[in-house]
Amino acid sequence: MSAESPPGQDWGRGHGAAEVAEPGFKRADFPPQLLLHWPRKLTNRELREAGLERHRLEEAQYISSWPRRGLRVGEGQQPLEFRPVPLPSGEEGEYVLALKQELRGAMRQLPYFIRPAVPKRDVERYSDKYQMSGPIDNAIDWNPDWRRLPRELKIRVRKLQKERITILLPKRPPKTTEDKEETIQKLETLEKKEEEVTSEEDEEKEEEEEKEEEEEEEYDEEEHEEETDYIMSYFDNGEDFGGDSDDNMDEAIY
Amino acid sequence: MDEIALRLPSTMTQAEIKLCSLLLQEHFGEIVEKIGVHLIRTGSQPLRVIAHDTGTSLDQVKKALCVLIQHNLVSYQVHKRGVVEYEAQCSRVLRMLRYPRYIYTTKTLYSDTGELIVEELLLNGKLTMSAVVKKVADRLTETMEDGKTMDYAEVSNTFVRLADTHFVQRCPSVPTTENSDPGPPPPAPTLVINEKDMYLVPKLSLIGKGKRRRSSDEDAAGEPKAKRPKHTTDNKEPIPDDGIYWQANLDRFHQHFRDQAIVSAVANRMDQTSSEIVRTMLRMSEITTSSSAPFTQPLSSNEIFRSLPVGYNISKQVLDQYLTLLADDPLEFVGKSGDSGGGMYVINLHKALASLATATLESVVQERFGSRCARIFRLVLQKKHLEQKQVEDFAMIPAKEAKDMLYKMLSENFMSLQEIPKTPDHAPSRTFYLYTVNILSAARMLLHRCYKSIANLIERRQFETKENKRLLEKSQRVEAIIASMQATGAEEAQLQEIEEMITAPERQQLETLKRNVNKLDASEIQVDETIFLLESYH
């Protein structure tokens with residue numbers, strides 16, 4: 001709006017901008033996307049987005065979910081002149097229908113259905129350690145025949161080898177310092193040395209193991225086993241043997 | 001040429017791309033959908049460009065491409081300098097709508113065993129024969145009574161029959177190199193297949209029986225399994241048909257659907273016997289005629305007589321009479337191409353498909369605009385070009401109504417207007433305006449509408465499901481609780497209590513939802529049948 005006031009009228013400076021009387025809620029109450037002014041006809045896209053927006057607001061309880069009047073066939077904007085022909089029913093129709101719905105469900109369960117990675121939550125939760133979050137992001141659940149595919153599509157899983165080993169080393173010393181809270185320094189350092197030796201040995205063992213098992217992409221189980229004091233299955237790979245010293249019986253060893 | 005790598009713009013319409021997007025998302029998830037739609041839109045692209053343009057991580061793109069290639073939706077090609085480009089087959093993506101129909105057809109022809117074979121092949125894209133046989137045997141065993149198992153041999157037999165009738169075919173495979181190639185291995189294998197080998201079943205002696213998945217077995221196997229990595233046992237056994245993959249042959253199914261449509265059209269128009277004769281002729285030409293041929297190979301009346309199904313006891317003269325009737329019919333499904341051998345007859349496939357497409361158009365006009373409009377439509381079809389006045393006269397419909405209907409059909413592109421100027425200046429008062437129906441373009445328009453319809457149906461179904469998500473989850477939870485309680489043995493009263501967790505209005509809501517979703521699904525299937533007819537016509 002122009003800031004000039006018509007000549008002869010003493011409206012003062014402040015009334016330059018048009019202030020439409022808001023019906024009672026302040027604009028600030030609403031999230032910024034909500035359109036209160038409808039200056040022109042809305043496009044389909046805007047309508048659709050407003051629909052989604054409304055859904056979000058309903059869920060967030062900003063507005064109450066008004067019951068939508070059930071629109072039946074022919075009751076909308078354009079009345080239907082001719083009603084649609086009934087759909088085929090009967091054994092064949094029923095079977096194909098059931099089959100279609102079953103296929104839809106089945107395909108969601110197959111490994112070909114790729115779910116986007118669950119976004120990392122801001123705070124690391126304790127339960128995260130125990131949750132099997134499916135294949136590690138880089139791996140595929142199924143084994144394609146790599147001979148038939150371009151080589152560039154093969155996801156290298158070797159990375160994990162190095163990752164795992166680096167995880168081990170820092171893990172071990174802190175663990176033992178926990179165990180050995182206030183005890184004799186010598187014992188501590190001795191243990192540390194033992195740790196390093198055994199963890200080095202373990203490193204080598206695992207490198208060999210992993211070279212053999214490079215094709216396998218299930219590191220979940222073993223990785224979790226390392227990181228927890230509770231063994232997930234009864235699999236005992238001997239790593240804990242050198243780790244926890246027998247002097248400290250804080251936890252039972254299985 | 002390869003250096004420049006011309007990227008032709010995609011020839012797919014927005015409606016088709018939208019439908020592909022919905023199908024991919026529903027069956028493979030958002031990541032595969034993003035990559036697939038991008039490839040459909042932009043044509044052929046290499047890996048890094050895809051990752052860059054879609055803003056997805058390289059690993060996700062790789063995973064998605066693996067899935068798409070496995071399901072024959074994307075193919076790759078090696079260009080110069082070792083660049084591999086990926087291309088999507090949009091029409092193949094749309095075939096996913098038809099999966100239930102393929103599976104059901106196999107069921108009618110080869111019973112449950114065949115049905116499951118084709119189902120496994122469609123769900124997994126491609127599989128080796130041994131893998132299919134094992135999976136299907138296991139699945140069939142699950143459904144059998146306790147103590148009974150399905151033998152591998154029976155499944156193999158059905159598989160061989162499917163291969164013999166070309167319903168399943170071999171995928172192109174990695175060529176066995178003679179190892180005289182000294183250079184580094186190529187970035188991607190070039191897959192080849194010999195025409196002769198396409199339906200050749202490898203000589204396997206698959207011996208075994210289907211295994212039932214027993215819960216007790218799982219517990220026992222659970223612990224030792226953890227000690228051993230999973231795949232070692234599979235790797236140790238040599239797979240006899242390693243590298244030989246099979247896929248469902250969709251073209252063969254389409255040929256079957258086309259034959260079905262023609263036979264039922266003849267049955268509707270004439271009688272059962274004529275349709276049986278036509279069916280026999282089509283069956284005789286199954287392997288010899290390619291699916292895009294305009295007509296089948298000529299068949300002599302004697303041959304047809306010999307090939308009639310065993311139950312049909314019509315005499316040679318009666319058969320000849322029927323054939324003459326069929327050949328004389330204005331629809332021209334059957335044509336006579338010669339007189340040797342008692343009369344040589346062909347089936348005019350193109351004409352038959354054109355008639356079917358036209359019938360579809362007529363039916364749509366009738367259901368959408370009314371029977372009077374349909375009468376005008378059929379009239380203009382028959383007479384090819386008509387002026388407005390002539391339409392009123394021939395159809396015996398008052399001028400105002402006729403004009404209204406003509407304009408309505410014109411605006412919806414079922415009809416088109418042909419201008420014929422009388423004078424060089426194209427003055428409207430001195431120009432003939434003729435109404436005409438261009439079947440090809442009307443069919444294309446209707447096909448486009450069908451794609452939009454299915455996209456709408458799918459979106460509506462997803463919306464309905466999403467609206468009631470909370471209720472659906474609750475009902476699933478309750479069902480799971482009831483099932484587990486029944487398994488551990490619970491009293492009626494307890495089960496009753498749990499069932500009451502879902503209130504009566506909620507039950508009503510669930511019923512309505514189920515009814516709606518069923519209706520939407522059934523509509524999708526129906527529209528896909530129309531799409532098939534219209535697509536075959538091109």
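Started with A:R148: it is buried (under 20% relative accessible area, 1.4 Å probe, protein chains only), yet I find no salt bridge for A:R148. By salt bridge I mean a side-chain nitrogen of Lys or Arg within 4 Å of a carboxyl oxygen of Asp or Glu. The nearest side chain of opposite charge is A:D145, 5.5 Å away; Lys and Arg count as positive, Asp and Glu as negative, with His and the chain ends not counted.

Housekeeping: this is a predicted model, so local features need pLDDT of at least 70 and side-chain atom pairs pLDDT 80 or more, while totals for chains, interfaces and linings use all residues. Residues are numbered from 1 along each chain as written, chains are lettered from A and ligands numbered from 1 in written order, and side-chain values use heavy atoms, without hydrogens and water.

Next I looked up where A:R148 sits: in the loop between α2 (91–109) and α3 (158–179) of chain A. Helices here are DSSP runs of H or I, at least four residues, and strands are E runs of at least two, numbered from the N terminus.

What does A:R148 touch, leaving out residues up to four places away in sequence? I get B:Y76, B:K126, B:C171, B:P172, B:S173, B:V174, B:P189, B:L191, B:G243 and B:Y245. Contact means heavy atoms within 4.5 Å.

Then chain A as a whole. I count 6 helices and 0 strands, and 23% of its 254 residues are buried. For contacts with a separation of 6 or more, 55% come from residues 24 or more positions apart.

How values were computed: Buried < 20%, exposed > 50% of the residue type's maximum accessible area, 1.4 Å probe, protein only.
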